[in-house]
Structures are given as C-alpha cells and as structure tokens.
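This report sets out selected local features of one model. Please read it beside the sequence and the coordinates.

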Amino acid sequence: MIPKKMPVKDAHIVKIAVERENHMAQLINLDQRHPLASKIQEICNIWSISDHQNYALQFCETNNMKYVTEKNRNEIKNGSVLRLQYSPSKTASDALETLINGTAQEKAQRLKELTSLSMDHTFALEFIKEKGLDILIKMIEDVNQKDEEILKYSLASFVELMEHGTVSWEVPESSFVARNIEIVRNFQKYPAKCGESALSNLENIVQSSSKYVLVAEEIKLQDILRLLQEVNSPVMRQNAIALLNALFMKAEEPRKRAIAHTISAKQYRLALIGNGLSTEMTHQLYVLQTLTLGLLEKRMRMKMNAQDQDAHEKIKELRRIAFDDYAGTLSLNDEHIRRGGSGGGSGAGNVNFSQYYKKLGFKCDINPAQDFIETPPGILALDCMVYFARNYTQQYTKIVHENSCRADEHECPFGRTSIELVKVLCLILRIGEPPAEQSGDFQPMFFTHDQPFEEFFCICVITLNRTWKDMRATAEDFQKVCSVVREQIQRTLKLRPENLEDFRSKIALLTYQQITTLRQQERTSKEECDSTASAIVKLKEKISPQIVELIKQQRLSFLVEGTRFAKYLRGTRTKDKFWYARLSPNHKVIHYGDCDEKNIPTLEELPKKLPIIDIKQLLEGKECPHMKEARTRKSPVNFAFSITFECMDHSTLDFVAPDESIFNYWTDGINALLGQEMCSKQKKEDFDTLLSMEIKLRLLDTEGVDISKDPPPIPEDPENYDFCFES
C-alpha cells in the first residue's frame with residue numbers, strides 16, 4: 001500500500017523570534033540559504049528602521065551573546081530567540097568615540113560594556129581594525145589616570161581582546177610592560193581586578209614576546225611570594241602562579257634550579273597551597289609540580305660515568321653504611337681499601353667487596369656501577385638510594401641485613417628493586433614529559449617537603465620490601481612485585497594525600513592482600529555491569545542454546561562410556577556385587593548387566609537392554625522404589641534414581657550413583673534423552689562457567705571499552721524520502 005504523501009517540510013527554514021528593546025517581538029521564518037543582510041533589512045523595514053546596514057542579529061542566551069554571522073548562523077535552531085542590535089562596526093565606532101571624547105563617567109561605563117563585548121570575535125576584529133587596541137594601551141599606560149574604574153575595565157577589555165589571538169604580543173611596547181609590572185609590584189594600591197589582568201598580561205608577554213626579559217628582570221620571586229601571602233583573590237593567586245610557571249619555563253637551567261630551590265622553602269610552600277584550591281588553581285599547581293619534578297630528568301637520563309668520582313663514592317657509602325659493623329672481619333688489605341687507601345673509584349677493590357655488593361642486591365656485584373647504566377632511571381636511582389641510606393639509616397640497614405642473611409630464595413635484592421622502583425616512580429609522575437594542557441593531577445604532598453621525590457622514594461622502597469615479604473616472592477617474581485607496588489602507589493595517589501605522612505599511612509593500608517581483594521572486586525563488578533548491558537544480554541540469549549547443546553553432548557558421551565554401580569537391596573548396599581550400565585553409541589538403548597569390580601564390560605557382554613523409547617519417566621531420591629524401604633539414616637537417598645517403563649510388565653530400573661557428580665551426569669543424560677530440561681545443580685554450574693568463558697572470549701577485542709547498558713537510539717525517520725544524489 002502506497003502511503004499518503006505528507007506535506008514536505010523545508011529543512012533550510014527555521015522558525016525564530018527577533019526581539020528589540022521597547023518593541024514587540026517578531027516571529028519570522030528564516031531561510032538559511034538567503035543572505036543575512038537581506039533578512040536584517042526586512043526586519044528593519046517592519047520596525048521602520050532606515051539604516052539597516054548599521055544593525056545585526058545577536059544571540060541572547062545567557063552563555064551565548066555572540067553576533068550572528070554567515071559562519072555561525074547554523075547555530076540558529078527552531079525556537080531560537082535573537083535580538084536586533086547595532087552592528088559590530090557601529091558599536092565599535094560608538095565605543096571609540098566615547099573613549100576619545102567622553103567624560104570620565106561615560107568612559108568607565110563604555111569600558112564596562114566593552115569588557116563583555118570584547119569576548120565576541122566579530123566585535124573584537126572590528127574594534128581592533130578601528131585602532132581601538134592602541135587607545136586602550138594608552139589609557140593603561142597613563143600613570144596620571146586616577147579613576148580606578150577606567151583602569152580596571154581597560155585592562156580587562158585588553159585581556160579579552162588579546163585572547164582572540166589576532167594581535168601579536170610583540171605589539172605592546174616596553175612602557176606597557178613596565179606599567180603592568182608596576183601594578184603587580186604595588187598590588188595593594190590597585191583593585192584586585194587590575195592585578196588579575198596585569199598578571200595575565202605579563203604571563204602572555206613572558207610566553208609570547210621578546211620583552212619577557214624585562215619581566216624576568218623586574219619581577220622577583222619575593223614579589224610573587226608576597227602577593228600569594230597577602231592576597232585572598234583566587235583568580236589573582238592562580239594568575240600569579242601561572243606567571244611563575246611561565247618564568248620557570250622560559251628560564252635557563254641554572255635559573256630554573258634557583259627558582260625551584262627558592263620555592264622549596266617552607267614559607268613559599270605554605271603560600272602556594274594555602275587558601276583553598278579551585279580547578280584552575282589546581283591545574284597551575286600541577287604545572288608547577290611537573291616543572292619542578294622535571295628538573296630530575298637530567299639525572300634520570302644520565303648514565304653512570306666511569307670517571308664520575310662522586311658517584312663511585314656514593315656506591316662505597318652505601319656499602320659502608322650497611323656493613324660498617326663487619327669491618328673487623330676484613331683483612332688488613334681490605335681495611336686499607338675500605339678507608340680509601342687505594343685511589344680510584346668503586347672499581348678499586350671491587351673484587352674484595354663483591355660479597356657485600358652482592359648482599360646489597362646489585363646485579364653486577366663485581367662492578368656495581370654497571371647497574372646504573374640503564375636510563376631511565378640512570379644516576380637518579382643512586383641519588384635516591386644514598387638519600388635513603390643517609391636519612392633513614394636504621395630502616396636501610398634493616399632491609400639490607402634481613403634480606404642478605406636469608407637462607408632461602410625469598411630475599412629482596414635492595415639494589416635491583418630500588419633501581420626498578422625509581423624507574424616506576426618516574427613513569428608514574430611522568431618526569432621528563434611537558435605538563436598536560438588539561439590535567440589536574442596535582443599532589444599537595446610534593447609541596448610539603450624540600451626533598452619531595454627522595455622522601456617519596458623512601459616511603460615506597462619500604463612498601464616494596466613489605467610487599468615482597470607478603471607475596472613470599474622470589475627473584476622470578478620480580479616484575480610481578482613491581483606491578484603490585486606500582487598499583488599500590490597509583491591507588492594511594494588517587495586519594496590525594498595532603499602530605500608525605502598521610503601518604504605513608506594510606507599506602508600502609510594497601511597491603512598485597514588488599515590489592516588482590518580490590519582487583520577481584522573490580523573484576524567481578526565489571527563483569528556484573530557488563531552482563532546487564534542489553535547487547536550482552538542479547539548475546540547470551542543467542543549463544544545459550546549452543547552451550548546447552550554442548551552440555552547435553554557431554555552428558556550423553558558420559559553415558560556412552562558407562563558407569564559401574566553397586567547393588568542395593570532395600571536401601572542397603574550388597575557387598576562386592578556390582579552391575580554396569582552404558583548407553584549405545586546411537587543413543588537408542590541402555591545396555592546393563594552384572595560385572596566384577598575391576599573389568600569394564602563391552603556392549604556385547606551386557607545381556608539386558610532397555611530401549612529409550614520405552615522409558616516413561618525418571619524418579620529421584622525418596623521417590624525411588626528401592627529407597628522407600630531404606631532402614632538406615634546413612635542410606636544414599638540423595639544419589640538414588642530410577643527409570644520407570646511404559647510397559648507395566650517390567651519393574652523399575654534402579655540406580656544408586658557412587659557420588660554426586662555421576663548422579664548429576666546420569667540424571668541430566670536421561671532427561672536429555674527424554675527431551676526434558678536438564679535441571680541438576682552441576683548443569684547450572686557448567687552452564688554458567690561455559691557461558692562466562694564464551695562471553696569473555698567473544699569480548700576480548702573490547703578490552704578496556706565501556707559497554708553501555710542501553711544501545712544507542714535509532715534515528716528518527718527522515719521527513720521525506722526524496723533524496724538527491726549529486727555526482
């Protein structure tokens with residue numbers, strides 16, 4: 001039947017309302033194929049406006065006040081409300097006229113409006129084209145300007161105009177830079193909004209202008225510290241940290257290290273993380289955290305140099321701190337070497353001390369310097385190990401001695417595990433990578449100590465040793481232990497510990513047993529969540545018959561192999577008497593007969609036959625005739641089943657299975673032969689296991705992909721089927 005033709009709706013026409021101040025709104029049809037100018041002229045004619053070229057349409061949503069242009073007109077939807085306003089060029093001209101010739105009050109009001117208008121790209125282009133930016137710069141540079149409102153809104157408008165990226169930051173002259181520096185250094189004399197804008201301007205100048213040298217010379221770290229300590233404005237604080245980050249990124253290596261050393265001081269650290277953290281503030285602190293930790297990259301990528309005397313001395317120090325008590329057992333020659341009597345690095349006397357370097361857990365005990373050739377972690381691993389030995393001597397010696405004195409294979413090699421741990425920490429903290437644009441992975445604890453990474457390592461190496469013990473690991477389990485420790489660290493970091501002690505206490509709760517439990521819970525939760533998704537439910541429905549058929553074939557195959565049953569009389573087993581039953585390969589006859597305890601009879605040796613077609617029903621448990629007269633409590637009622645016949649000339653064929661598994665297999669098999677549902681407990685377990693395995697195998701390619709519970713909606717039918725294909 002041909003459907004009745006519906007009226008065709010033109011997809012290019014949208015129904016909108018157009019407002020104008022002090023006028024009744026117009027409801028119009030806007031054809032998106034026609035030029036906007038012609039429609040604006042038509043709207044102006046209805047309201048008797050002659051200079052239609054000075055007008056434009058504007059969105060009037062709370063979060064969208066842009067002018068409508070040919071580029072963004074596709075954002076107009078059915079039901080949109082637009083406003084008829086002066087065009088961007090007319091508005092820009094009027095604004096400039098006021099800024100040049102208006103009174104102070106008119107200028108302040110116009111600049112306030114300009115702050116909002118400047119967010120619109122179309123207006124910004126017109127204003128800049130009319131040299132409006134030059135006027136704003138002059139107003140900002142005017143040190144005699146006493147009106148705070150004019151300075152505040154002119155700075156804010158400048159920031160918004162520059163955000164569009166159409167004007168180079170090379171345009172502002174040194175006098176403009178100096179003015180912004182003066183506002184920042186004397187922030188107490190100006191409104192907070194002025195300081196916010198000035199800091200934003202200086203950050204952009206540092207990032208994008210050759211005049212950043214002027215900012216680097218004039219803005220001292222003490223100025224930023226004083227600002228962070230005294231200012232409560234969240235925006236001003238985050239802009240100050242953003243400026244600090246910009247100066248850090250532009251600086252040379254020595255200057256970067258000087259900045260990092262300065263901000264590691266306690267008063268600076270307290271000023272940075274105090275007074276609450278907004279989302280943007282968190283991001284700026286994350287950037288600063290990444291930049292300061294990034295200074296470790298040089299050591300991380302530096303190989304151990306045979307000529308590096310300092311590094312060789314550090315290796316010796318690790319040995320001396322751990323085994324100083326054993327000095328009396330050394331020979332005179334060894335004692336001479338231990339005290340540095342022979343020149344050279346750690347290579348001198350390595351043969352003599354190899355037993356101690358082996359106990360320290362180095363892979364190359366003859367020349368431990370070889371262990372620090374791999375980068376990452378390079379020489380950074382040695383720095384961390386020595387820091388741990390110097391500052392946590394008791395824990396260090398305890399770990400080394402506990403593991404070096406073990407007689408089994410469960411010792412935890414301190415040297416090898418420490419080097420791998422530093423490598424893991426560098427990966428977790430992404431040392432050497434630039435800060436991400438949107439990330440907010442800020443960890444406050446790295447701003448609570450002047451040596452945060454080394455302290456972080458000390459906590460983690462103790463955790464690693466504890467986890468090694470919990471797992472009863474051997475050298476073969478090295479990577480597995482590292483994987484668990486990495487998860488312990490990452491899970492603890494997600495809790496955002498406030499300080500290093502908080503991190504220590506939180507990671508202590510994440511034992512190996514707890515990690516195993518959490519992994520299992522997450523795996524189970526994911527499987528449960530996935531199993532309720534409509535796509536998975538339908539997949540289960542599709543493959544369930546195949547699984548049932550597979551179980552059925554297994555049961556029938558078991559019946560074909562046959563089973564030896566003990567003989568029972570009135571519920572009591574008859575000693576040393578057995579009989580055997582098995583299904584024919586064509587699944588049509590059950591063969592049975594007496595047998596001995598050892599031999600398995602063939603089909604031909606079983607004289608009695610029961611055609612499957614003659615079976616009436618299957619009885620189980622107490623319903624079986626041979627269990628009704630059971631006299632003892634120990635009678636195997638739960639494993640008993642009987643087959644009744646259609647022909648009443650025969651009595652029942654009674655079975656007592658040796659165990660629950662054989663009982664389940666035979667009852668399932670007989671039900672399958674009768675065309676009935678297999679309903680044993682074993683069948684349900686087998687079905688769930690096989691179905692789960694099959695689902696997992698089929699979903700291997702979706703590993704890591706979230707499966708939505710509901711399928712995506714089916715699109716509505718098109719308004720018409722008159723499709724046009726253009727070649």
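The text below covers a sheet, a helix packed on it, a helix pair, some backbone features and a few single residues.

The model is predicted.

**The sheet**

Four strands make up an open sheet, ordered 5-6-7-8 and paired in the antiparallel sense. Strand 5 and strand 8 (608-611) are the edge strands, and each has a single partner strand, so one side of each lacks a neighbour in the sheet. From one strand to the next the twist averages 35 degrees. The table lists the three pairings, each with one pair of residues that stand opposite one another.

| Strand pair | Sense | Bridges | Opposite residues |
|---|---|---|---|
| Strand 5 (residues 563-569) and strand 6 | antiparallel | six bridges | Arg564 and Tyr580 in strand 6 |
| Strand 6 and strand 7 | antiparallel | six bridges | Ala581 and Tyr592 in strand 7 |
| Strand 7 and strand 8 | antiparallel | four bridges | His591 and Lys609 in strand 8 |

Helix 26 packs on this sheet, where it touches strand 5 and strand 6. The direction of helix 26 makes about 120 degrees with that of strand 6.

In a regular strand, side chains alternate between the two faces of the sheet.

**The hairpin turn**

Strand 6 and strand 7 form a hairpin, with five residues between them. His587 is located in the loop between strand 6 (572-583) and strand 7 (589-595). Although His587 is not a glycine, its phi is positive, at about 65 degrees. Is His587 buried, exposed or partly exposed? His587 has a relative accessibility of 28% and therefore counts as partly exposed.

**Helix 26 and helix 28**

Two packed helices are described by the angle between their axes and the distance between the axes. For helix 26 (residues 534-561) and helix 28 (residues 660-673), the packing angle is about 110 degrees and the axes are 8 Å apart. Helix 26 is therefore roughly perpendicular to helix 28, because angles of 65 to 115 degrees are classed that way.

On the side of helix 26, the contact is made by Lys552, Gln554, Arg555, Leu556, Phe558 and Leu559. The residues they meet in helix 28 are Ile662, Asn664, Tyr665, Trp666, Asp668, Gly669, Ile670, Ala672 and Leu673. By class, this contact of helix 26 with helix 28 has nine nonpolar, three polar and three charged residues.

An α-helix has 3.6 residues a turn, so residues three or four places apart point the same way.

**Cis peptide bonds and a positive phi**

Which residues does a cis peptide bond with omega of about -20 degrees join? They are Thr375 and Pro376. Pro376 is in the loop between helix 18 (350-359) and helix 19 (379-391). The peptide bond from Pro376 to Pro377 is cis as well, with omega near 10 degrees. Pro377 also has its place in the loop between helix 18 and helix 19.

Arg472, a residue other than glycine, has a positive phi near 45 degrees. This arginine, Arg472, is in the loop between helix 22 (452-470) and helix 23 (478-494). With a relative accessibility of 54%, Arg472 counts as exposed, because the cut-off for that class is over 50%.

**Helix 8**

Helix 8 (residues 192-208) has 17 residues, and at 1.5 Å a residue it should span 24 Å. The end C-alpha atoms of helix 8 are 24 Å apart, which agrees with that value. Of the 17 residues of helix 8, 13 are buried, so this helix is largely enclosed by the rest of the structure.

**Two buried residues**

Thr98 is part of helix 2 (residues 88-101). At 14% relative accessibility, Thr98 counts as buried. Leaving out residues up to four places away in sequence, Thr98 touches Glu106, Lys107 and Arg110.

Phe645 belongs to strand 10 (residues 640-645). At 9% relative accessibility, Phe645 also counts as buried, because the class takes in residues under 20%. Phe645 and Ile612 are separated by 33 residues in sequence, while their C-alpha atoms are 9.4 Å apart in space.

Key
Residues numbered from 1 in each chain as written. Predicted model: local features only at pLDDT ≥ 70, side-chain atom pairs only at ≥ 80, totals over all residues. Heavy atoms only, no water. Axes fitted to C-alpha atoms, helices over the stretch in contact; angles between N-to-C directions. Parallel < 35°, antiparallel > 145°, perpendicular 65-115°, else oblique. Contact = heavy atoms within 4.5 Å. Nonpolar A, V, L, I, M, F, W, Y, C, P; charged D, E, K, R; others polar. Buried < 20%, exposed > 50% of the residue type's maximum accessible area, 1.4 Å probe, protein only. Pairing = 2+ DSSP bridges. Expected span 1.5 Å × (residues − 1).
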